[in-house]
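Colleague: I am new to this structure and would like a close look at one part of it. Could you take me through the largest pocket and the helices around it?

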Amino acid sequence: HAHGLHEGVLVVGPLDRLFNTRKWVSVGSGALALTAMVALALGPRSLETAVGFLFLLSGSSAYGGVLFAQIRSLFPANLAGRSATITNMAPLFGASVLPTLTGFIPPLFPHQGVGYSPLAYQCIFASLALCIAAGLAIYLTVEDAKPRQAAADDSSVRRAATNSDSP
């Protein structure tokens, strides 16, 4: 998991500046994660295929930095701390609540020897895919933050602050 995530950060990180969009880099990465989760929910035919989709999920989930920059750009400077706090709490909330909720799924299926039924795992992946799809649907309503525009706005604010300090 960590290997794919680290490589994903190196690939996804610069894409917002390359394409001058934070929103669509996040949407594209989220769509790849959704694709991997749906494929896992459908039940891959081999262990190698499942591992491949897990690597795709891990690598495509590396868009947090781009997403955090997008969210930060939506708030004025005086709310930067609050927006950063909420932005950091959301993944923590999901990481703590979703495993608990999906833990109720396996006992609903008959056991097949040792471990849980493969169908139980498919339902877990399907429920997580629904969560990703819902998050993407909500995120699609957010306006885009163009990195080049944000950089220009920041430099004009710095110039104005420097000029106002001059006698």
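Modeller: Happy to! One term will help us later: a crossing of two helices is called left-handed if the near helix is turned anticlockwise from the far one by less than a right angle, and right-handed if clockwise. Please keep in mind that this is a predicted model.

Let's start with the pocket. The space in the largest pocket comes to about 1,600 Å³, and 42 residues line it. Nearest its centre you will find Y63, A90, P91, L98 and I132. The elements that each give two or more residues to this lining are α3 (23–41), α4 (47–60), α5 (64–73), α6 (80–102) and α7 (118–139). Among them, α6 gives the most, with eleven residues. As for the character of the lining, 31 of its residues are nonpolar and eleven are polar, while no charged residues take part.

Now look at two of those lining helices, α3 and α7. Their axes come within 8 Å and cross at roughly 160°. An angle over 145 degrees counts as roughly antiparallel, so α3 is roughly antiparallel to α7. Here the earlier term comes in: the crossing of α3 and α7 is left-handed.

Where the two helices meet, the α3 side includes K23, S26, V27, G30 and L34, and the α7 side includes Q122, F125, A129, I132 and Y139. By class, the residues of this contact are 16 nonpolar, three polar and one charged. I132 is worth finding on your screen: this residue of α7 takes part in the contact with α3, and I132 is also one of the residues nearest the centre of the largest pocket.

Terms used
Residues numbered from 1 in each chain as written. Predicted model: local features only at pLDDT ≥ 70, side-chain atom pairs only at ≥ 80, totals over all residues. Heavy atoms only, no water. 1 Å grid on protein atoms, 1.4 Å probe; cavity = no way out; pocket = protein on both sides within 12 Å on 5 of 7 lines; lining within 4 Å. Points joined across faces, edges and corners; volume = space filled by probe spheres on them. Helix = DSSP H or I, 4+ residues; strand = E, 2+ residues; numbered from the N terminus. Nonpolar A, V, L, I, M, F, W, Y, C, P; charged D, E, K, R; others polar. Axes fitted to C-alpha atoms, helices over the stretch in contact; angles between N-to-C directions. Parallel < 35°, antiparallel > 145°, perpendicular 65-115°, else oblique. Contact = heavy atoms within 4.5 Å.
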